[in-house]
Amino acid sequence: MAQSETARLIKGATGDWEVIVGLEVHAQVTSRSKLFSGASTEFGGAPNSHVSLVDAAMPGMLPVINAECIAQAVRTGLGLKAKINHRSTFDRKNYFYPDLPQGYQISQYKSPIVGEGEILVDLSHDRSIKVGIERLHLEQDAGKSLHDQSPNMSFVDLNRSGVALMEIVSKPDMRSADEAKAYVTKLRAILRYIGSCDGDMEKGNLRADVNVSVRKPGARLGTRCEIKNVNSIRFIGQAIETEARRQIAIIEDGGSIEQETRLFDPSRGETRSLRSKEEAHDYRYFPDPDLLPLEFDEAFVASLAAHLPELPDAKKARFMADYGLSSYDAGVLVAERETADYFEAAAAYGGVKRDAKAVANWIMGDLAAFANSQSFSVAETHVKPAQIADLVDLIEAKVISGKIAKDVLAIVIAEEKDAMPSAIVEKRSLKQVTDTGAIEAAVDAIIAANPDKVAQAKAKPTMLGWFVGQVMKSTGGKANPQAVNDMLKRKLDV
Amino acid sequence: MTNPTELTLAEARDAVKARKLSSLELTKAHLAAIEQGRVLNAYVTETPEKALTMASASDARLAKGEGGPLEGLPIGVKDLYATEGVHTQACSHILDKFKPAYESTVTAQLWRDGAVMLGKLNMDEFAMGSSNETSYYGPVASPWLPPNWSVEKARAALKSDKRGLLVPGGSSGGSASAVAARLCLAATASDTGGSIRQPAAFTGTVGIKPTYGRCSRYGMVAFASSLDQAGPLARTVRDAAIMLRSMAGPDPKDSTCFDGPVPDYEAAVGRSVKGRVIGVPKEYRLDGMNPEIEKLWAEGVEWMRAAGARIVDISLPNTRHALPAYYIVAPAEASSNLARYDGVRYGLREPGKDIIDLYEKTRAAGFGAEVRRRVMIGTYVLSAGYYDAYYVRAQKIRTLIKRDFERVFADGVDAILTPATPSAAFGIGEKGSGDPVEMYLNDVFTVTVNMAGLPGIATPAGLSAEGLPLGLQLIGRPFDEETLFAFGEVIEQSAGRMTLPQPWWL
Amino acid sequence: MSVDQATVRRIARLARIAVKDEELPHLQGEINAILSFVEELGAVDVSGVEPMTSVIPMKLPMREDVVSDGAIEQKVLGNAPLAEDDFFLVPKVIE
């Protein structure tokens, strides 16, 4: 086994264990109205205000499919490099629950709209894996029951009932919590790029059912348990780790795993069984007789493909090729489409080709730090690509040093939000001193004032740093640090 | 002046249009008849105020020379059609007090065309039944007197439990009884396995189930989605044609509704059938068949021949599998369609200690025995391990049944002539109490048509030796209801207009 | 094919219809009568036959993605057996 693979194994009492993870992700389709009704999909809303008679399952109501939801599913399938099925059917999944007004969910069981595909997942150690997609299908979301409003009653709100979901089923190709987290992160990015789902896990627009099993390497697949409705990437990781350990402990104790559905409890950091005392659900799937088979032609698919935006993998490859960025840097920038667009706007601002790596560093460093502190994305801050471009140009032209540039950005962020860095530099006389004569004068002054340190420097070359600091201080930070460094080296003979 | 209720719908239409009769007079006459005929139990809700308001509005329009194809004509509506603000329960206890805030497309079109609503008509609960005996509101009496019964005996039975009086058929029993008893000019009905055609045959009226998808199912309480169709019950073929034209049409709210124009069906009534081809399927000749029905069928063939049609013997080999396959497919779809009746959002709610208890008690209290049976059969045939053996197999047989018809139509047959029912109407309480299947056999000639999605019309063709009405059925090509009206008119002209009973129940 | 009483119980639970113990035998009989009626279908040769998926040859019609419905709380809740503050109320559901 490769070294990276053994690193994923979990150590148990009886040896190493392999974790097998598969994910079923439920992504709420971005659309104005619901899958089979014209009610709004908007988040929030007064209880039962986004509910049509169809959603409320009144007698005689019938489903009519939303064309945009179909398009979104196909677009997503294309983004997953998957097989698009020109003919698919809808099935009823029958069970009773108060937030399921019809007593069945309209889903796609036998013939989903999208078939097999794959996602390239970048892992943190500059390694990537391919995770297979089994299928993608469209289905209705259920409403919500509030259980905490009263001691004896549950309150049912059908606003979400009937909202379109894409269920994206992965193959069980993941082998660790990190791989699973990276998979969801990448899938989410693809969905956001395409615009078929906003990936907002806090709002519940993206959630995952996590399937976990364990086995000794090379052994047959173990029995899996499903952890339902995990709604954050962090929790997905925690759920996998705790569940894997739970299963390992049971097996090593001589027991066996029962296939069951579980819930992850974040407060206790463990999973608990959801299995009811009665037998498992029998969903009695059958084709929905109120809906005909869904059919479209290759021209329809082609027209959607033609209008797809550049997807993360392609954009990353282009950033590496055209801008000379490293795989890591390109990967960070393309994680969010808006950040990638921001980077390109800054890199090419004014029609000038500037140091893309420098632009990337500013965005991923100081700007990102500011954005995170505000819980924004880079593109959502008030700092414009033009301002970053200007900053990079000033450094490139040696008008200011990198250190001063940091200060200038801080001024843009906190005080002069709309000002261009060059204007700030001008106004506040922050131009760095490059005049050799002036620098020499400052250097000479410091050397003359500190003869004992000069002698020490000969023995301990790291004292150079102190001298540089002193010269910078005496010039109000404006001297070009590189020039100061070079000159001191020469004069101190170190 | 004849009682306006004696007019056919076409005659009333013409009279009202010519201002010889007002809609108000016509409506009042029907309201009076309804009051007198209340004992038949055909109506479960009467809407006299609404009717009078609508009639007045129609008269105003007619006075201006305006008006739609059904302007001012009083109609009864089967209880499974959603009528805004009016009792809509599919005659089930589980929809107790339900008044929809919406209108079905079919009835909306009737009101659009000027019709007047008299009330909601009795039916078998959730359209499951062939005699109207499963209704929560009790059985409906046919206006036909049982053979050898005196009027006194009949009146007494009407006032007590109605046992022995004739069933009007089902599930559109109220519609058929009301039309035959002249308590409305025509009625809306629905047909899943024969629920328009069988009651038509039992009551000497005309009923047509159009091609699946011809009428919208929006706002109709669903029984079996792939089989249900709306259709009219009326006293003549022409009347049925007039009604169907208003009822049919595209509807974007129903994904299974055909998006195509509606022909002028009335224009097809009386069209020559010379040279057209009638198929007579040998598989409809059952072992031990009622000889009267066989004789009537043969007579029907002769009428066709006399009218210039060519007769061919045909074979529909999978005919005998239709009824059992229907009793898998229909209950399966029903078990899912009726899951929404759970006491949560409307209708009956029985108290329960938790949600499962609430569901179980509500549905046990709310569903009658026949509905419970079918929901359970449906649940069983869809359940894990049985789905392929039952449901999938039945759907495959459905394909075979449809293919039988397609082959025959491709060979040049224009319509198929068959009996409508295996017998004349039987007595209330006479069938089904022991073996549920006994009642199902009533539909043996009609279910094939629903399984294949084809149009079928039942027309009165004669009387049995005991004086009870017998009907014949014609099955047509998809969306070729016009041919059925043309051939139906041949039967009506040849047999002579059925003389419906005079009101003995007064 | 016939069902035993345990199966009848199971079906009743799946269908969420309460069945009293004393009703079980009769219900079992009714269901078995229907099942034996449909039994003959097992002998039909359906090899190579597709199940019927749509009764008429039509394509699934689609709808434009606009908000054309909703904001009808009164209509949605108007027939509710028990409602409060525009919520439907049911006995508490234990997860």
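This is a tour of a predicted model, taken one selection at a time.

**Chain C on its own**

Begin by selecting chain C, which has three helices and three strands, and follow it from the N terminus, where the order of its elements is α-α-β-α-β-β. The radius of gyration of chain C is 22 Å, well over the 12 Å that the globule rule gives for 95 residues, so this chain is more spread out than a compact globule. If you turn chain C along its principal axes, its C-alpha atoms fill a box of roughly 55 × 45 × 25 Å. Colouring by burial will show that buried residues make up 29% of the 95 residues in the chain.

**Where chain C meets chain B**

Next, add chain B and select the residues in contact across this interface, which are 55 in chain B and 36 in chain C. On the chain B side, the elements that give two or more residues are α11 (322-337), α12 (355-366), α13 (369-382), α14 (388-410) and α15 (436-440). It is α14(B) that gives the most to this side, with 10 residues. If you colour the side of chain B that touches chain C by class, you will find 27 nonpolar, 12 polar and 16 charged residues.

**Where chain C meets chain A**

Keep chain C in view and bring in chain A, of which 40 residues are in contact with 31 residues of chain C. The elements of chain A that give two or more residues to this side are β3 (65-66), α2 (67-79), β10 (153-157) and β17 (294-295), and β10(A) gives the most, with five residues. By class, the side of chain A that touches chain C divides into 20 nonpolar, 15 polar and five charged residues.

Now zoom in on β3(A) together with strand β1 (residues 62-63) of chain C, since these two are worth a closer look: they pair in the parallel sense over two bridges. Within this pairing, A:Ile65 stands opposite C:Met62 in β1(C).

**The domains of chain A**

Hide chain C and colour chain A by domain, using 3-303 for domain 1, 310-427 for domain 2 and 436-492 for domain 3. The C-alpha centres of domain 1 and domain 2 of chain A lie 36 Å apart, and eight residues of domain 1 are in contact with eight residues of domain 2. On the domain 1 side of this contact, β7 (117-123) and α3 (177-194) of chain A are the elements that give two or more residues, and the largest share, four residues, comes from α3(A). That side of domain 1 consists of four nonpolar, one polar and three charged residues.

Then move to helix α15 (residues 464-474) of chain A, in which A:Phe467, A:Val468, A:Gln470, A:Val471 and A:Met472 are buried. What covers these buried residues includes α13 (436-449), α14 (451-459) and α16 (481-492) of chain A. Just after α15(A), select A:Gly476, which takes a positive phi of about 65°.

**The nonpolar cores**

Finally, show chains A and B together and select A:Tyr183, A:Val210, A:Ile240, B:Ile75, B:Ala186 and B:Ile328, which touch the most other members of the largest nonpolar core, a set of 270 residues. The element that gives the most to this core is α3(A), with 11 residues. Centre the view on B:Ile75, and among the residues that B:Ile75 touches you will find B:Leu110, B:Val116, B:Leu118, B:Cys184 and B:Ala186. A second, separate core of 37 residues includes A:Tyr342, A:Val378, A:Ile388 and A:Ile395, and selecting these four residues brings the tour to its last stop.

Definitions and conventions
Residues numbered from 1 in each chain as written. Chains lettered and ligands numbered in written order. Predicted model: local features only at pLDDT ≥ 70, side-chain atom pairs only at ≥ 80, totals over all residues. Contact = placed C-beta atoms within 7 Å. Nonpolar A, V, L, I, M, F, W, Y, C, P; charged D, E, K, R; others polar. Rg over C-alpha atoms; globule rule 2.2 N^0.38 Å. Buried ≥ 20, exposed ≤ 12 C-beta atoms within 10 Å, placed from the backbone. Domains from an automatic or database assignment. Core = buried A, V, L, I, M, F, W, Y, C linked by C-beta atoms within 7 Å. Pairing = 2+ DSSP bridges. Lists of a residue's contacts leave out its neighbours within four places in sequence.
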